[in-house]
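Visitor: I've got the model open and a handful of labels I'd like to see justified. Shall we go through them one at a time?

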Amino acid sequence: LMKTYSEEYRPQFHFSPDSAWMNDPNGMVFYEGEYHLFYQYYPDSTVWGPMHWGHAISTDLVHWQHMPIALFPDSLGYIFSGSAVVDWKNTTGFGSAENPPLVAIYTYHNPEIAKAGGVDVESQGIAYSLDKGRSWTKYEGNPVIPNDGNRDFRDPNVIWNDEIQKWNLVLSAHDHVQIYSSVDLKEWTYESSFGIDAGAHGGVWECPDLFPLQVEGTDETKWVLIVNINPGGPNGGSGTQYFLGQFDGHQFMADSKETSWIDWGRDNYAGVTWSDVPKEDGRRIFLGWMSNWEYAQVVPTEKWRSAMTVPRALSLIQKNGQYIVKSVPVKELGKIEDRTMVVESEALKIDGEKELDLHGINLNQSRLSFEFDLGEAHPESFGLVLENDLGEQVKLSYSTSTKQFQFDRTKSGDMSFSDKFTGVASAPYDIGTSVKLELFIDAASAEIFVDGGDLVMTEIFFNSKPYSKLQIFSKGNPVTLNRAEIVALDSIW
Ligand code: FRU
């Protein structure tokens with residue numbers, strides 16, 4: 001569009017800040033044809049620091065326009081993560097029925113109190129905009145939820161609940177989430193807590209989100225509670241767990257205390273969903289931060305640090321008697337599809353290794369899709385390798401004995417920046433007689449969707465030259481590649 005980003009490792013179709021440090025997506029709200037993305041931002045450095053809300057706008061979830069910083073730290077503290085809503089009924093009185101305010105609900109993190117070793121470091125504040133998110137005014141009555149005695153007390157996420165005709169807010173408090181309600185977004189009533197005896201507890205609970213999803217193909221609705229956790233993710237460090245259950249505006253009742261994971265890769269964190277996407281659209285759209293606190297601040301990028309995942313539509317399905325939340329890249333990404341190469345006419349039987357002819361398509365900015373047939377006698381393992389002529393590679397494989405997908409980045413390129421970066425990520429998966437794999441590759445990341453998003457893995461890497469070879473392999477028995485699609489993707493900038 002107006003810019004080109006040519007730095008090493010700079011993603012071309014993912015959102016990244018123009019310069020400096022970024023972490024969590026914040027305040028995602030749709031209003032008047034615009035998707036707003038705010039994000040944890042420290043404009044003065046490429047490592048974490050006093051947090052601001054950076055801002056970007058898109059009309060299609062694909063192309064983004066950088067906007068001026070929306071929220072700056074003030075005397076109450078840094079501006080930590082949170083959400084935003086359209087206050088359609090002007091319950092706050094900040095706007096009018098004709099011009100409903102956008103309201104951001106975020107955490108104040110007070111560095112002075114933190115330094116002094118105090119507990120009441122974090123509280124919740126609000127701000128509003130009457131000009132479609134271009135300028136923001138903080139509420140003079142902040143904080144709207146004072147600290148409750150938990151040192152970790154943050155990341156409020158708000159939804160309008162039709163059933164009780166009130167706002168509901170969920171925030172995380174160290175090892176559980178707390179649910180609140182309000183009629184005006186200013187005065188909040190504590191309703192209940194969830195999680196002390198449920199889910200993963202390998203780290204601190206952060207960035208929750210609570211919303212209903214209809215079970216695909218039925219009239220049944222369940223509530224999804226997303227809770228990010230760091231560390232303690234499924235493959236170390238940061239991860240995103242979710243629970244399914246019922247919610248009556250007061251209490252979340254989980255179907256099971258067990259954790260499920262939105263993404264099994266190591267690089268999808270702090271993800272939450274867009275608010276106020278029109279009912280006619282009906283999607284719950286998720287976006288995560290494509291990094292991991294284990295090494296986020298030392299990855300080898302120079303001018304900026306980190307990117308977001310591609311936006312993903314969440315849906316709730318039943319599979320093998322289980323409910324799962326699946327993630328599918330938003331269909332709007334089809335807009336950046338360029339040259340396509342299809343292998344299908346003669347299904348390829350792969351016994352050993354087979355390099356696919358890319359016909360000049362740049363793998364480093366591509367969507368790859370494969371349909372495999374496993375046959376009567378399943379192979380021991382099969383998968384694919386992306387490689388450059390320096391021998392650097394990443395490998396995605398499935399093992400039928402361990403029933404796991406694995407993503408191996410141990411030879412991916414530069415790994416010198418952190419010893420936490422190495423290793424192989426694994427994800428359990430019950431494979432059928434055929435399987436579909438889709439990968440989005442963008443300079444330094446792979447987002448892997450198995451069977452249309454039933455399993456997801458997001459992983460970053462730092463290859464010193466673009467990967468230029470694509471190899472399919474099978475061990476034990478052959479695997480048949482029924483169809484492959486290799487699609488060049490345009491830059492969004
Ligand atoms: C998650 C997180 C949030 C917090 C923010 C601070 O990555 O730790 O809990 O609000 O980052 O930048």
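Guide: Sure, and let's start in a loop: glutamine 165 sits between strand 9 and strand 10 (166-173). Keep in mind that this is a predicted model.

Visitor: Why is glutamine 165 called exposed?

Guide: Count the neighbours: 11 other C-beta atoms lie within 10 Å of glutamine 165. The label applies at 12 or fewer, so glutamine 165 is exposed.

Visitor: And what is the phi of glutamine 165?

Guide: Near 50°, which is a positive value in a residue other than glycine.

Visitor: Why does lysine 403 count as exposed?

Guide: Lysine 403 has 12 C-beta neighbours inside 10 Å. The cut-off is 12 or fewer, so lysine 403 counts as exposed. Its backbone has a positive phi too, near 55°, and you'll find lysine 403 in the loop between strand 27 (393-399) and strand 28 (404-411).

Visitor: Now the other extreme. Why is strand 3 said to be largely enclosed by the rest of the structure?

Guide: A residue is buried if 20 or more other C-beta atoms lie within 10 Å of its own. Of the 7 residues of strand 3 (residues 52-58), 5 are buried, so the strand is largely enclosed.

Visitor: How do you know that strand 2 and strand 3 pair?

Guide: Pairing takes at least two bridges. Strand 2 (residues 34-42) is joined to strand 3 by 7 bridges, so they pair, and they run antiparallel. For a spot to click on, glutamine 40 stands opposite tryptophan 53.

Visitor: What makes strand 3 and strand 4 a pair?

Guide: Same test: at least two bridges are needed, and strand 3 and strand 4 (residues 65-71) have 4, in the antiparallel sense. Here alanine 56 has histidine 66 in strand 4 as its bridge partner. The hairpin of these strands has 6 residues between them, and leucine 61 takes a positive phi near 70° there.

Visitor: Which residues are around the ligand?

Guide: Among them are Asn23, Asp24, Gln40, Phe80, Ser81, Arg154, Asp155, Glu206 and Cys207. Strand 1 (20-31), strand 5 (78-86), strand 9 (154-161) and strand 13 (204-214) each give two or more residues to that shell.

Visitor: How does the shell around the ligand divide by class?

Guide: Into 4 nonpolar, 4 polar and 4 charged residues.

Visitor: Which prolines follow a cis peptide bond?

Guide: Proline 143 is one of them: the bond from asparagine 142 has omega near 0°, and proline 143 lies in the loop between strand 8 (137-138) and strand 9. Another cis bond joins asparagine 230 and proline 231, with omega about -10°. Proline 231 is in the loop between strand 14 (221-230) and strand 15 (239-247).

Visitor: Zooming out, what domains does the assignment give?

Guide: Domain 1 (20-329) and domain 2 (332-489). Taken over C-alpha atoms, their centres are 31 Å apart.

Visitor: How many residues of domain 1 and domain 2 are in contact?

Guide: Contact here is a matter of C-beta atoms within 7 Å. By that test, 27 residues of domain 1 are in contact with 28 residues of domain 2. On the domain 1 side, strand 22 (residues 322-329) provides the largest share, 5 residues. That side divides into 13 nonpolar, 7 polar and 7 charged residues.

How values were computed:
Residues are numbered from 1 along each chain as its sequence is written. This is a predicted model: local features need pLDDT of at least 70, side-chain atom pairs count only at pLDDT 80 or more; totals for chains, interfaces and linings use all residues. A residue is near a molecule or strand if its C-beta atom, placed from the backbone, lies within 6 Å of it. Ala, Val, Leu, Ile, Met, Phe, Trp, Tyr, Cys and Pro count as nonpolar, Asp, Glu, Lys and Arg as charged, and the others, Gly among them, as polar. Domain bounds come from an automatic or database domain assignment. Two residues are in contact if their C-beta atoms, placed from the backbone, lie within 7 Å.
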